[in-house]
Amino acid sequence: MLRRALLTTIFATGFCGAAAAEEDLSLETVEVTGFTPLTLDAVTGSVSVLTEDDLAVRAAPNLADALRAVPGVAVSRSGGVGGLTQLRMRGAEANHTLVLFDGFEVSDPVTGEVDFGLLTALPAARVEVLRGEASSIHGSDAIGGVVDILPSSASGWIGLAEAGNRDTLNGRLGWNGEQFGAVLSGFRTDGVDVSGQGGEADSSDALSGLLRGQAEIAPGWMLGGLALVRRSTSQFDTDLDFDGRLDDADRETEADQSLLGVSLNGAIAGIDQSLRASYGEVSRDNTSETGLLDSSTGKRTRVSWIPSVSRGAHGFAGLAEYEREEYERADVQYGGQTDASEEFETLGLAGEYRFTTDQVSLSASVRHDDNDGRFDDATTWRLGGAYQVAGAPVRLRASAGKGVKNPTFTELFGFFPGSFVGNRDLKPETSVSWEAGFDLQAGPAVLAASYFSAELEDEIYTAFNPDFTSTARNRTGRSERSGIELAGRWPVSDALTVSGQLTLTDSSNDTGVDEIRVPSETASVALLWQPDGNGWQAGLALDYVGEQDDFDFGTFPETRVTLDSYVLVSGRFEYPLTERISLTLRGENLLDEEAVDVFGYAAPGAAGYVGLKLR
């Protein structure tokens with residue numbers, strides 16, 4: 001069996017993974033774990049870091065494909081690149097993962113999640129992933145975990161031009177200096193016929209511009225900021241005759257996204273001060289061959305103040321944060337029946353304590369969110385501890401926490417005549433989880449293992465009514481999630497590094513039925529070969545996704561189906577032509593697997609690309 005053979009291979013290579021926190025427990029810092037940066041040897045939870053080398057193995061235009069290398073992560077893509085792409089962590093729902101860009105939230109206020117299909121060609125050089133409850137640090141949405149996408153800070157020019165199958169073009173050009181950086185990136189592809197009916201291909205494209213800067217405005221005070229502007233279009237197929245099956249339709253979504261962020265850091269009377277403000281907006285227009293169908297806009301404004309102080313082994317930090325989310329929807333298709341305008345306001349207050357020595361790391365955080373009467377106020381928390389065993393290359397760690405996810409605008413107010421009706425009486429979802437694990441250093445190789453368990457209350461789900469309409473409701477019982485994550489890294493030689501991960505997940509609702517689109521097994525193996533310092537590089541990655549359930553809505557009532565497992569094989573080769581220019585060759589899905597994550601959607605097959613890279 002291919003599945004068993006792959007899992008055995010991963011086991012034999014030491015469950016190697018692209019997780020820097022699980023690599024050497026060095027003094028490198030991460031920012032996703034708390035109010036202030038934390039060194040990796042003091043982390044008490046499960047944190048993974050994808051470095052620029054890790055991302056280069058797959059070199060995928062869509063970041064979701066690179067995140068397959070992270071334990072606990074499952075990717076659900078509806079069709080080809082640019083189609084709706086969701087990320088599920090530790091068996092939780094897609095809107096239970098909070099996504100940041102350089103520390104600022106980019107989740108869509110309308111849906112409460114990030115469609116990674118819209119993030120194609122986003123400039124990323126590093127990704128930090130925190131798994132498990134993190135609402136005590138980041139507020140609502142952080143039940144499954146947090147993903148922070150970081151752009152490159154390396155000085156000099158950045159450049160890439162690539163072309164390949166399905167008339168795909170991918171490129172970026174930028175420059176980074178000590179105080180200022182700018183990069184323009186883009187992607188387009190003819191795609192595939194998502195319906196699988198032999199119709200026209202559904203194309204997608206994306207264009208983004210990023211500006212970043214920082215300056216010392218006074219002794220010890222740094223002012224920083226970024227501006228990210230994106231536009232993307234994605235063609236898709238839909239069910240025109242309401243038989244539960246996709247038809248070859250001429251539909252398109254055009255999305256505009258902007259993110260503005262400002263930070264000010266300094267110290268007053270020995271207390272570090274961090275002031276942050278951001279504004280994000282996501283607008284979508286859905287069109288057909290007859291013109292505009294509907295449009296929606298979500299806006300988020302956030303202002304936070306974080307004071308912090310360290311005294312020896314002790315660290316203290318606080319947070320005061322104001323957030324305002326706005327939602328507007330208008331339609332042409334139904335004569336304005338779905339029009340809506342709503343807003344949420346939240347005030348959050350939080351505190352964090354850390355104790356760190358050479359052998360012991362402890363952390364505790366608590367947060368209270370005042371939801372201005374829209375929902376019940378929420379108090380969330382997280383506790384963690386780690387112990388470096390004396391005289392042994394083993395570090396034990398454990399953590400527990402409570403997270404919260406407020407209902408989304410769509411769940412509350414969404415309205416599609418004859419189809420979906422929102423539910424204004426929804427309660428927030430809450431989750432309590434714990435995990436325990438260890439990090440083992442065996443010579444140059446490392447191994448990390450974690451077991452996690454979580455209980456989700458008031459899970460929001462889509463209920464189907466006898467009149468063929470649907471609505472959002474809270475489940476009455478508790479949904480269960482648990483699993484095992486194994487990860488590590490093995491530098492076989494100065495030139496070759498092997499990495500990978502293995503995750504076993506059990507996720508069920510309050511009736512004991514498996515959650516849909518959560519594979520019971522995922523795994524990956526990656527090999528990175530860099531024989532010298534002259535720019536030669538080759539990478540090979542195998543990403544395995546086990547069987548998962550979904551619904552077939554082409555029957556009445558809908559029936560549960562099982563999607564087949566698959567293995568995605570990708571490869572990349574880079575050869576230096578000159579001191580500044582390299583030739584790149586890249587292949588996706590080299591085994592031409594039918595990689596279906598959502599029932600009824602066709603998936604692209606094998607593809608190859610050739611390009612030039614500015615070194």
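Here are five short exercises, each with a worked solution, on the predicted model shown above.

**Exercise 1. Find out where the model deserves caution, using pLDDT**.

Step 1: Start with the whole chain. The mean pLDDT is 91, and 95% of the residues reach 70 or more.

Step 2: Now look for stretches that fall short. pLDDT stays under 50 over residues 1–6, and it also stays under 50 over residues 8–26.

Step 3: Check the contacts beyond four places in sequence. The model has seven of them for residues 1–6 and 70 for residues 8–26.

Step 4: Draw the lesson. Where pLDDT is low, the predicted coordinates should not be read in detail.

**Exercise 2. Describe the largest nonpolar core and the part Leu 67 plays in its contacts**.

Step 1: Take the core as a whole. The largest nonpolar core has 29 residues, and Leu 67, Phe 101 and Phe 116 have the most contacts inside it.

Step 2: See which elements supply it. Those giving two or more residues include helix H3 (63–66), strand S4 (73–77) and strand S14 (221–238). H3 gives the most, with three residues.

Step 3: Zoom in on Leu 67. Beyond its neighbours within four places in sequence, Leu 67 touches Leu 50, Val 73, Leu 87, Phe 116, Val 127 and Val 129.

Step 4: Look for a second core. Another one, of 14 residues, lies apart from the one around Leu 67; Val 30, Val 32, Ala 42 and Ala 142 are among its members.

**Exercise 3. Work out the layout of the open sheet of five strands**.

Step 1: Read the order. The strands follow S3-S8-S9-S6-S7, and the pairing is mixed.

Step 2: Find the edges. Strand S3 (46–50) and strand S7 (104–105) each pair on one side only, which makes them the edge strands.

Step 3: Examine one pair. S3 and S8 run antiparallel and are joined by five bridges. For example, Val 47 has Leu 130 in S8 as its bridge partner.

Step 4: Recall the background. Strands of a sheet pair through backbone hydrogen bonds, either parallel or antiparallel.

**Exercise 4. Explore the salt bridges, and decide whether the partners are buried or exposed**.

Step 1: Begin with the count, which comes to 45 salt bridges.

Step 2: Pick a pair. Arg 586 and Glu 162 meet through their side chains at 2.8 Å, N to O. Arg 586 sits in strand S36 and Glu 162 in strand S10, 424 residues apart, so the pair links distant parts of the chain.

Step 3: Apply the cut-off: buried means under 20% relative accessible area. Arg 586 has 5%, so Arg 586 counts as buried. Glu 162 has 9%, so Glu 162 counts as buried too.

Step 4: Try another pair. Glu 435 and Arg 397 form a salt bridge with their closest N and O atoms 3.7 Å apart. Glu 435 is in strand S25 and Arg 397 in strand S22, so this pair ties together parts that are 38 residues apart in sequence. Both residues are buried.

Step 5: Widen the view. Glu 435 and Arg 397 belong to a network of salt bridges that also includes Arg 90, Arg 131, Arg 395, Asp 439 and Glu 485.

**Exercise 5. Describe the surroundings of Arg 300**.

Step 1: Place the residue. Arg 300 is found in strand S17 (residues 291–311).

Step 2: Judge its exposure. Its relative accessible area is 4%, so Arg 300 is buried.

Step 3: Find a polar partner. The side chains of Arg 300 and Glu 105 make a polar contact at 3.3 Å.

Step 4: Add further contacts beyond four places in sequence. Among them are Ser 107, Asp 108, Tyr 279, Glu 323 and Glu 325.

Note on methods
Residues numbered from 1 in each chain as written. Predicted model: local features only at pLDDT ≥ 70, side-chain atom pairs only at ≥ 80, totals over all residues. Heavy atoms only, no water. pLDDT = per-residue confidence, 0-100. Contact = heavy atoms within 4.5 Å. Core = buried A, V, L, I, M, F, W, Y, C linked by side-chain atoms within 4.5 Å. Buried < 20%, exposed > 50% of the residue type's maximum accessible area, 1.4 Å probe, protein only. Helix = DSSP H or I, 4+ residues; strand = E, 2+ residues; numbered from the N terminus. Pairing = 2+ DSSP bridges. Salt bridge = Lys/Arg side-chain N within 4 Å of Asp/Glu carboxyl O. Polar contact = N/O pair within 3.5 Å; in protein donor to acceptor, adjacent residues only side chain to side chain.
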